[in-house]
Amino acid sequence: MNVTVVGAGYVGLVTAACLAELGQRVVCVDHDQARVVLLQAGGVPIYEPGLDELVQRNQQAGRLRFTTSMALGVEHAEVLFIAVGTPPQEDGSADLQHVLAVARQVGRLLTHDLVVVNKSTVPVGTGEAVQRVIDEALRVRGCQGLACAVVSNPEFLKEGAAIEDFMRPDRIVIGVPPGPAGARARECLSQLYAPFNRHHERTVWMDVPSAELTKYAANAMLATRISFMNEMALLADRVGADIDAVRRGIGADQRIGHSFLYAGTGYGGSCFPKDTRALMHTAAAHGSPMRVVSAVEAVNRMQKRHLVGMVTQLMGEDLSGRRLAVWGLSFKPNTNDMREAPSRVVIQALLARGATVLAHDPVAGSEARRVLTEDMAAQPGLLQRLHLEESPEAVLLDADALLVLTEWKCFHSPDFARLRDLMREPLILDGRNLYDPALLQALGIAYLGIGRRN
Ligand code: UGA
């Protein structure tokens, strides 16, 4: 099938490469010329395990092409995915200008029947808005006879596991509009996703607004589990319980399940924070406020500061002269993504209290330098006390404490004896509950986790 994906960002690129891998002829359009030139030369502008091989292989096989030309993209497409960004606006609502601009171009350029698929995370009602914009552009050109159905097919990829998630989906949610154009779109997407439905049907068919809301509901539910466990961990600390034991105890209930119950330093990334705020905005606009989701958000904001509170409780508010080591900067492992990463809040707060911070991340170092410089543009003096180091050991020398912020594999089982010898004060504040408190105690390393019993 001839597929066009508009947007060579995270979702677009993964969708384009994976569909090409499944044998479709894919054109990927992006208006950013530098990005397209890089992709045409076999480079991949984001860090995602396995993506560069997939892009290169399919480009070489002639199944995947990159262009800045929407005309070429629209002409090529039987199915056209919209996977452009929907960044948050000041008030938390999603900015739809890029999505609607693509819709306008499709309406202006289209000369054949087409199925348009909304892959970007968009508020309820966007499918209809995209349909209106396309229909209007077709009407102006006198082309209203063309069938162009707008479908919602939200994306559930996790960064760091995107290819695996795309190739082995738990479910594929598709919302189709009513009427013959919707029926034709359903037919077309059934064919496109047939490889995933061979053994059992994974597609959940519904109407367009339900599919749009499903995406927000899924992310809000997952964020809720995390904030719930983070709040429970605070209580565990107070009552002398261990959140990890509680997690295992409740996760064994099949109705609850084991995933997304890990207490930590708060959720970050480009999705949960943005989508929970956008959902609250949509809900408020419809007079149906989301009380649970707004508590989830508030708990998360506090959780990002939790480790800072642990440091000041131990060392006092004035941290001048303290050397604090940080392991992990990205919002989660296997990505260099620093968007809404807890490390940004923690590091800035420690620097503001006078500490010297030495930080290491296996991948996100240069991205971290960029965003932290931006975050502290108004206080450039703080940055002089921040040192980003190339190795995990380099940050430990003479450190008063080690803060673990991201659970990269390489931090899971360090050489604790060496760590103890390098640090001025062997103390670990484990924001990801990676280590065994009893083992560290036996080694003479002071340890505090999130809701862990020591
Ligand atoms: C999330 C969803 O998991 C995807 O299904 C969805 O498609 C994506 O958002 C999106 O909307 O595009 P992602 O942001 O890549 O994916 O990251 P997750 O792996 O879900 O982690 C999100 C945050 O939650 C991270 O900061 C992580 O550290 C935190 N987390 C996760 C916890 O603190 N505890 C947990 O138990 C799980």
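# A tour from the ligand shell to strand β13

Start by selecting helix α9 (208-239): this helix supplies the largest share of the shell around the ligand, 3 residues. Bear in mind as you click along that this is a predicted model.

**Stop 1: the ligand shell**

Keep α9 on screen and add α11 (272-285); each of these helices gives at least two residues to the shell around the ligand. In total, 21 residues surround the ligand. To see the closest of them, pick Glu 159, Tyr 262, Tyr 267, Gly 269 and Cys 271. If you colour the shell by residue class, you will find 11 nonpolar, 5 polar and 5 charged residues.

**Stop 2: Cys 271**

Now centre on Cys 271, one of the closest residues to the ligand. An unreviewed UniProt entry gives Cys 271 the annotation "active site". Follow the backbone and you will see Cys 271 in the loop between α10 (243-251) and α11. Is Cys 271 buried or exposed? Cys 271 counts as buried because 23 C-beta neighbours lie inside 10 Å, and the cut-off for buried is 20 or more.

**Stop 3: the annotated binding site**

Next, select Phe 156, Leu 157, Lys 158, Glu 159, Lys 215, Phe 260, Leu 261, Tyr 262, Ala 263, Gly 264, Gly 268 and Lys 332, which the unreviewed UniProt entry marks as "binding site". These positions span 177 residues of sequence and are spread in space too, with up to 23.7 Å between C-alpha atoms.

Two members of this set make a nice pair to look at. Leu 157 and Glu 159 both sit in the loop between β6 and α7; β6 covers 148-152 and α7 covers 162-167.

- Leu 157 counts as partly exposed because it has 19 C-beta neighbours inside 10 Å. Beyond its neighbours within four places in sequence, show Val 11, Val 14, Ala 162, Asp 165 and Phe 166, with which Leu 157 is in contact.
- Glu 159, with 24 C-beta neighbours inside 10 Å, counts as buried. With neighbours within four places in sequence again set aside, Glu 159 is in contact with Glu 48, Gly 269, Thr 335 and Asp 337. Gly 269 should look familiar, as Gly 269 and Glu 159 are both among the closest residues to the ligand.

**Stop 4: helix α14**

Move along to residues 342-352, which form helix α14. How many of its 11 residues are buried? The helix is mostly covered, with 8 of them buried. Highlight Pro 342, Ser 343, Arg 344, Val 345, Val 346, Ile 347, Leu 350 and Leu 351 to see the buried set. Then step just past the end of α14 to Gly 354, where phi is positive, at about 100 degrees.

**Stop 5: strand β13 and its partners**

Finish with strand β13, residues 427-430. Both of its faces are covered: Leu 427 and Leu 429 are buried on one side, Ile 428 and Asp 430 on the other.

Add strand β12 (residues 401-404), which runs parallel to β13 and is joined to it by 3 bridges. Here Leu 402 stands opposite Ile 428. Bring in helix α17 (residues 416-422), and you have a right-handed β-α-β unit of β12, α17 and β13.

Now display strand β14 (residues 446-448), which pairs with β13 in the parallel sense over 3 bridges. On this pairing, Leu 427 stands opposite Ala 446. Helix α18 (residues 437-442) completes another right-handed β-α-β unit, together with β13 and β14.

Note on methods. Residues numbered from 1 in each chain as written. Predicted model: local features only at pLDDT ≥ 70, side-chain atom pairs only at ≥ 80, totals over all residues. Buried ≥ 20, exposed ≤ 12 C-beta atoms within 10 Å, placed from the backbone. Helix = DSSP H or I, 4+ residues; strand = E, 2+ residues; numbered from the N terminus. Pairing = 2+ DSSP bridges. Right-handed = clockwise from strand over helix to strand, strands pointing away. UniProt positions renumbered as here; feature names shortened; annotations may be inferred. Contact = placed C-beta atoms within 7 Å. Near = placed C-beta within 6 Å. Nonpolar A, V, L, I, M, F, W, Y, C, P; charged D, E, K, R; others polar.
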